[in-house]
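Colleague: Could we go through this model together? I would like to start with the aromatic side chains and then move on to the helices and loops.

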Amino acid sequence: MQMKAALFENAAGSANAIGRISLDAGDIANAHRWYGTGYETAKKIPNLKPEQIDLWEWRWLNAQGRVAARRGQVDLARSFAAKGKAILDKGTNKDQLPFYPYLAGYIEFHAKNYPKAIEELLKGDQNDAFVLGLIAQAYEGTGDQTRAREFYTKVMASPGHTINAAYSRPVARKFLQRENPPTV
């Protein structure tokens with residue numbers, strides 16, 4: 001409907017959202033396809049300003065980095081992150097800067113480089129349930145159950161009803177119940 005109505009920005013955003021849901025659900029091939037659709041659709045937005053071009057390039061590189069990380073292509077994921085960082089460093093989309101630590105941490109998390117993942121993710125949005133959940137899982141990966149519990153508790157306390165929370169809360173709940181099983 002958005003494409004037929006020539007609402008290309010909305011259509012590109014919708015495609016990216018489907019890509020995100022697919023990626024977090026483990027459907028990596030479909031995620032890549034939808035993110036690619038979002039990127040190609042964004043190119044159809046009339047009269048794109050340079051900062052908008054940079055924004056869509058950043059989003060596409062960010063998506064490719066996460067997809068590559070999920071495929072175990074760590075070096076490729078890091079190269080996408082580096083290209084994305086170069087775009088962010090131009091300063092045309094300062095509101096996107098907080099998303100770089102998430103990308104870098106996401107890549108390191110999936111590379112099982114948990115200390116580096118924690119380092120990067122702690123620079124990210126500490127109000128984002130997904131970021132908090134990745135930090136918790138990374139601490140769990142290092143064997144630090146105390147810090148994992150701390151961050152899983154933050155995930156459960158986050159007030160948002162978002163895709164990020166929807167993916168993070170079940171993992172947090174499972175860990176916390178395992179740590180403190182309910183009494184009958």
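Modeller: The discussion below takes the aromatic pairs, then a helix contact, and then some individual residues.

Modeller: Please note at the outset that this is a predicted model.

Colleague: Understood. How many aromatic pairs does the structure hold?

Modeller: There are six aromatic pairs in the structure. One of them joins Tyr 39 and Trp 60, with 5.2 Å between the ring centres and 10° between the planes.

Colleague: Is that pair stacked or tilted?

Modeller: The pair of Tyr 39 and Trp 60 is stacked. Planes under 30 degrees apart count as stacked, so an angle of 10° meets that criterion.

Colleague: Which helices do Tyr 39 and Trp 60 come from?

Modeller: Tyr 39 belongs to helix α2 (residues 28-42) and Trp 60 to helix α3 (residues 50-70), so the pair ties together parts that are 21 residues apart in sequence.

Colleague: And are Tyr 39 and Trp 60 buried or exposed?

Modeller: Tyr 39 counts as buried, at 11% relative accessibility. Trp 60 is buried as well, with a relative accessible area of 15%.

Colleague: What about Tyr 152 and Phe 175; what is the geometry of that pair?

Modeller: Tyr 152 and Phe 175 form a tilted pair, 4.6 Å centre to centre with 35° between the planes. Tyr 152 lies in helix α8 (residues 145-157) and Phe 175 in helix α9 (residues 163-179), so this pair ties together parts that are 23 residues apart in sequence.

Colleague: How accessible are Tyr 152 and Phe 175?

Modeller: Tyr 152 is buried at 1% relative accessibility, and Phe 175 is buried with a relative accessible area of 1%.

Colleague: Which residues do ring pairs link into a cluster?

Modeller: Tyr 102, Tyr 106 and Phe 130 are linked into a cluster by ring pairs.

Colleague: Let us stay with Phe 130. Where does Phe 130 lie, and what does it touch?

Modeller: Phe 130 is part of helix α7 and is buried, with a relative accessible area of 10%. Not counting residues up to four places away in sequence, Phe 130 touches Arg 20, Asp 24, Tyr 102, Tyr 106, Asn 164, Tyr 167 and Ser 168. Its C-alpha atom is 8.7 Å from that of Ala 166, although the two residues are 36 residues apart in sequence.

Colleague: Some of those partners are in α9. How do the axes of α7 and α9 cross?

Modeller: The axes of helix α7 (residues 129-142) and α9 come within 8 Å and cross at roughly 35°. The crossing is left-handed.

Colleague: Which residues make the contact between α7 and α9?

Modeller: From α7 the contributors are Ala 129, Phe 130, Gln 137 and Glu 140. From α9 they are Asn 164, Ala 165, Tyr 167, Ser 168, Val 171, Phe 175 and Arg 178. The residues of this contact divide into six nonpolar, three polar and two charged.

Colleague: While we are on α9, what surrounds Ala 172?

Modeller: Ala 172 lies in helix α9 and is buried, with a relative accessible area of 0%. Leaving out residues up to four places away in sequence, Ala 172 touches Tyr 152, Val 155 and Met 156. The C-alpha atoms of Ala 172 and Phe 151 are separated by 8.5 Å, with their positions 21 residues apart along the chain.

Colleague: Changing topic: which charged side chains sit over rings?

Modeller: Arg 59 lies over the face of Trp 56, at 4.6 Å from the ring centre. The charged end of Lys 85 sits over the ring of Tyr 100, 5.7 Å from its centre.

Colleague: What is in contact with Thr 41?

Modeller: Thr 41, in helix α2, is buried with a relative accessible area of 6%. Apart from neighbours within four places in sequence, Thr 41 is in contact with Met 3, Phe 8, Ala 11 and Ala 12.

Colleague: Finally, the loops. Which residues have a positive phi although they are not glycine?

Modeller: Asn 47 has a positive phi of about 55°; it is found in the loop between α2 and α3 and counts as exposed at 73% relative accessibility. Lys 112 has a positive phi of about 65°; it is found in the loop between α5 and α6 (114-121) and counts as exposed at 60% relative accessibility.

Colleague: And where does Gly 91 lie?

Modeller: Gly 91 lies in the loop between α4 (74-88) and α5 (99-110), and counts as partly exposed at 32% relative accessibility.

Key. Residues are numbered from 1 along each chain as its sequence is written. This is a predicted model: local features need pLDDT of at least 70, side-chain atom pairs count only at pLDDT 80 or more; totals for chains, interfaces and linings use all residues. Side-chain values use heavy atoms; hydrogens and water are left out. Rings of Phe, Tyr and Trp (its six-membered ring) pair if their centres lie within 6.5 Å; planes under 30 degrees apart count as stacked, over 60 as edge-to-face and the rest as tilted. Helices (H or I, at least four residues) and strands (E, at least two) are DSSP runs, numbered from the N terminus. Buried means under 20% relative accessible area, exposed over 50%, partly exposed in between (1.4 Å probe, protein chains only). A charge sits over a ring if NZ of Lys or CZ of Arg is within 6 Å of the ring centre and within 35 degrees of the ring normal. Axes are lines fitted to C-alpha atoms, for helices over the stretch in contact, and angles run from 0 to 180 degrees between N-to-C directions. A crossing is left-handed if the near helix is turned anticlockwise from the far one by less than a right angle, and right-handed if clockwise. Contact means heavy atoms within 4.5 Å. Ala, Val, Leu, Ile, Met, Phe, Trp, Tyr, Cys and Pro count as nonpolar, Asp, Glu, Lys and Arg as charged, and the others, Gly among them, as polar.
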